[in-house]
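Work through the following exercises with the structure open. Each task is followed by a solution in steps.

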Amino acid sequence: METKTQSTEDKRSLMGLPRDQLSEALNILDIPEKQKNMRLNQVWGWLYNKGSESIDEMTTLSLDLRKELENHFDLSRPLISEDQISEDGTRKWLLKFKDGSEVETVFIPDNDRGTLCVSSQVGCTLNCTFCHTGTQKLVRNLTAQEIIAQVVVAKDCLNEWNPEPRQITNIVMMGMGEPLYNFENVRDGIITMADDAGLSISKRRITLSTSGIVPMIKSAGEEIGSMLAISLHATQNDLRDEIVPINKKYPIEELLDACKNYPSLSNSKRITFEYVMLKGVNDSESEARDLVKLISGIPAKINLIPFNPWPGSSYECSDWDQIEKFGDIVNRGGYASPIRIPRGSDISAACGQLKSDSKKEKASDRYKKELAKMESERIGRL
Ligand code: SAH
Ligand code: SF4
């Protein structure tokens, strides 16, 4: 078949495509019908098992087929605009896509795991009052390819293709954006991440976090099947209406009903409720007791997230003492209540600090002081 060689700029990258899109892309090649599935599986393995950087490496394909592939496609990744490493080892990449829009992806290494925090949108259409991403103007959905490419770039930079041991053990869809407002692309992205013949990260180690888009929670259970995290943050509708405004559309009762019906919940497959600790706003002991009552009957754990300030934010983080009191009550109520220690805050990589804006600023002095105070209080208590 006569094919015209295209310049790199015109070429479409195969890297990051989910299986159906890859199969469709390969359809323009001259592959006999009965070989198609085998070729698809071979290319899949080169992409997501080996992390190939050039089509030339795909040595299980004939030279002719590689040439033909090269005429149409490349394996390019999004551009890395920034690559920052925090004092605590957290690493943050600012990635730029072909249209110039940017998102952030964060890797958080820990003793027994490494978690990659992946974005689902450029910015976010919702505007939770404590979240930096919600203040970003430009918003668009990421394609499935752009979601998967974040994992690919992280693996490239961490040098973990064919890993021993694997560094990225967990994925959380907790970067920029509301994943359930970009349902199909997030679904196809997660299914690709979980594919055994490729990236092979089990769905039990992939968590989708939502601010509570109730009708889509059911679809997530049916079509994705990952772990679920709910950004609850309040126990009463009037407060949640204010700090997580989507609550006006999908109030707490409906949200909890959707959680109760999430498939195959058990003690080993629990829902995570996220609760950001805002001083004097949602951190009283009576709210901790209400929280236990509210989620009773749902296999769950509560992640207490110390509020991470950002330039211009109007909240303060609860005192460490108060976070611990809150946690103890939840714990006595029968729910694990780990406190999420802020990671990567010196590079603005902590929860809710992500914002792909050229005007990004360094963590404020106020915040540094707060963090230092919290840490020293915590150490004093150990
Ligand atoms: N949009 C989704 C996922 C991204 S946000 C969601 O809202 O769930 C990931 C988590 O970070 C959410 O629980 C969110 O409420 C929390 N978060 C946002 N801003 C924060 C901040 N400034 N400090 C601490 N946590 C924050
Ligand atoms: Fe969007 Fe989540 Fe931030 Fe709310 S907390 S504005 S839903 S990213």
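**Exercise 1.** List the buried residues of helix H3 and name elements that cover them.

Step 1. Helix H3 spans residues 63–72; helices (H or I, at least four residues) and strands (E, at least two) are DSSP runs, numbered from the N terminus.
Step 2. Buried means under 20% relative accessible area, with a 1.4 Å probe and protein chains only. In H3 this applies to Leu65, Arg66, Glu68, Leu69, Asn71 and His72.
Step 3. Among the elements covering these residues are helix H1 (19–26), helix H2 (36–48), strand E1 (12–13) and strand E2 (73–74).

The model is predicted: local features need pLDDT of at least 70, side-chain atom pairs count only at pLDDT 80 or more, and totals for chains, interfaces and linings use all residues. Residues are numbered from 1 along each chain as its sequence is written, chains are lettered from A and ligands numbered from 1 in the order in which they are written, and side-chain values use heavy atoms, leaving out hydrogens and water.

**Exercise 2.** Is Arg91 buried or exposed, and which side chain does its own side chain meet in a polar contact?

Step 1. Arg91 belongs to strand E4 (residues 91–96).
Step 2. Arg91 counts as buried because its relative accessibility is 16%.
Step 3. Its side chain makes a polar contact of 2.8 Å with the side chain of Asp83. Such a contact is a pair of N or O atoms within 3.5 Å; within protein, one must be able to donate a hydrogen and the other to accept it, and residues adjacent in sequence count only if both atoms are side-chain atoms.

**Exercise 3.** Describe the burial of strand E11 and its pairing with E10.

Step 1. Strand E11 covers residues 227–231, and five of the five are buried, so the strand is largely enclosed by the rest of the structure.
Step 2. Met227, Ala229 and Ser231 point one way, while Leu228 and Ile230 point the other way.
Step 3. E10 and E11 run parallel and are joined by four bridges; two strands pair if DSSP finds at least two bridges between them.
Step 4. Opposite Met227 in E11 stands Thr207.

**Exercise 4.** Which side chains place a polar atom 2.6 Å from an oxygen atom of ligand 1?

Step 1. Ser209 does so with a polar side-chain atom.
Step 2. Ser231 does so with an N or O atom of its side chain.
Step 3. For Glu274, the distance from a polar side-chain atom to a ligand 1 oxygen atom is 3.0 Å.

Definitions and conventions:
Buried means under 20% relative accessible area, exposed over 50%, partly exposed in between (1.4 Å probe, protein chains only). Contact means heavy atoms within 4.5 Å.
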